[in-house]
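These are my notebook entries on a single protein chain. I set down what I looked up, entry by entry.

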Amino acid sequence: QVQMVESGGGLVQAGGSLRLSCAASGSIFRVNDMGWYRQAPGTQRELVAIIGRNGGTKYADSVKGRFTISRDNAMNTVDLQMNSLQPGDTAVYYCYGNVMNDNHLNGADYWGQGTQVTVSS
């Protein structure tokens with residue numbers, strides 16, 4: 001089994017910064033894409049940022065220039081540095097990883113439990 005454990009959420013004022021971290025552990029041969037999604041009340045879960053094993057990134061238009069995603073392949077971790085936070089960034093943020101192991105040689109998607117980010121105006 002694979003666990004994705006997030007940390008770093010919280011309450012911050014508009015214009016502030018937060019850093020989210022996520023570590024994948026368990027039965028892992030290799031972690032392919034890693035990333036962050038978010039879900040605000042009454043909305044669908046949406047992509048925030050994703051990073052490939054080779055470092056290639058993709059960001060939602062709404063966070064470009066404000067958020068930076070990074071990863072450590074040796075540690076199976078992914079971070080999200082969030083700057084210039086706005087009330088519209090308020091949501092539960094979920095860590096994501098596509099993991100290859102003995103049971104999923106082509107990779108399977110795993111999710112963290114979610115961490116709340118609240119930005120006050």
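**Entry 1. Burial, and a first residue.** I began with the cut-off for burial: a residue is buried when its relative accessible area is under 20%, exposed when it is over 50%, and partly exposed in between. The model is predicted, and I read every value below as computed from it. I applied the cut-off to Asn98, which has 14% relative accessibility and therefore counts as buried. Asn98 has its place in strand S9. I then looked up what its side chain touches: it makes a polar contact with the side chain of Asp109, at 2.8 Å.

**Entry 2. The open sheet.** I next asked in which order the strands of the open sheet lie. I found four strands, in the order S1-S3-S8-S7, with antiparallel pairing. Strand S1 (2–7) and strand S7 (67–72) stand at the edges; each has a single partner strand, so one side of each has no neighbour in the sheet. I also noted the turn between neighbouring strands of this sheet, which is 15 degrees on average with direction ignored. As background, I recorded that strands of a sheet pair through backbone hydrogen bonds, either parallel or antiparallel.

**Entry 3. Pairing along S3.** I followed strand S3 (residues 18–26) to its partners. S1 and S3 run antiparallel and are joined by six bridges. Within this pairing, Val5 stands opposite Ala23, and the bridge partner of Glu6 is Cys22. S3 is also joined to S8 by six bridges, and these two strands run antiparallel. There I noted Ser21, which stands opposite Asp79 in S8.

**Entry 4. The disulfide.** How many disulfides does a search of the whole structure find? I obtained one. It joins Cys22 to Cys95, with an S to S distance of 2.0 Å. Cys22 lies in strand S3 and Cys95 in strand S9 (residues 91–101); the pair links distant parts of the chain, 73 residues apart. The torsion about the S-S bond is about -85 degrees, so I recorded the disulfide of Cys22 and Cys95 as left-handed. I checked burial for both cysteines: Cys22 and Cys95 are buried. Cys22 thus appears twice in my notes, as the bridge partner of Glu6 and as one end of the disulfide.

**Entry 5. Aromatic pairs.** I then counted the aromatic pairs and obtained three. One of them is Tyr37 with Tyr96: the ring centres are 5.9 Å apart and the planes stand at 70 degrees, so I entered the pair as edge-to-face. Tyr37 lies in strand S4 (residues 30–39) and Tyr96 in strand S9, so the pair ties together parts that are 59 residues apart in sequence. Tyr96 is buried, with a relative accessible area of 9%.

Another pair is Tyr37 with Trp111. Here the centres are 5.1 Å apart and the planes are at 70 degrees, so this pair is edge-to-face. Trp111 lies in strand S10 (residues 104–111), and its pairing with Tyr37 of S4 links parts of the chain 74 residues apart. Trp111 is partly exposed, with a relative accessible area of 36%. I grouped Tyr37, Tyr96 and Trp111 as one aromatic cluster.

**Entry 6. A charge over rings.** Over which ring, at 4.8 Å from its centre, does the charged end of Arg45 sit? I found that of Trp111, a member of the cluster in Entry 5. Arg45 also lies over the face of Tyr94, at 3.7 Å from the ring centre.

**Entry 7. Loops and positive phi.** I turned last to the loops. Most residues other than glycine have a negative phi. Against that background I noted Asn76, not a glycine, with a positive phi of about 55 degrees. Asn76 is in the loop between S7 and S8, and it is buried, with a relative accessible area of 17%. I noted Ser84 as well, whose phi is positive at about 50 degrees although it is not a glycine. Ser84 lies in the loop between S8 and S9 and is partly exposed, at 41% relative accessible area.

The loop between strand S8 (77–82) and S9 also holds Gly88. At 62% relative accessibility, Gly88 counts as exposed. I closed with one distance: Gly88 and Arg38 are 50 residues apart in sequence and 11 Å apart in space, C-alpha to C-alpha.

Methods:
Residues are numbered from 1 along each chain as its sequence is written. This is a predicted model: local features need pLDDT of at least 70, side-chain atom pairs count only at pLDDT 80 or more; totals for chains, interfaces and linings use all residues. Side-chain values use heavy atoms; hydrogens and water are left out. Two strands pair if DSSP finds at least two bridges between them. Axes are lines fitted to C-alpha atoms, for helices over the stretch in contact, and angles run from 0 to 180 degrees between N-to-C directions. A disulfide is a pair of cysteine sulfur atoms within 2.5 Å. Buried means under 20% relative accessible area, exposed over 50%, partly exposed in between (1.4 Å probe, protein chains only). Rings of Phe, Tyr and Trp (its six-membered ring) pair if their centres lie within 6.5 Å; planes under 30 degrees apart count as stacked, over 60 as edge-to-face and the rest as tilted. A charge sits over a ring if NZ of Lys or CZ of Arg is within 6 Å of the ring centre and within 35 degrees of the ring normal. A polar contact is a pair of N or O atoms within 3.5 Å; within protein, one must be able to donate a hydrogen and the other to accept it, and residues adjacent in sequence count only if both atoms are side-chain atoms.
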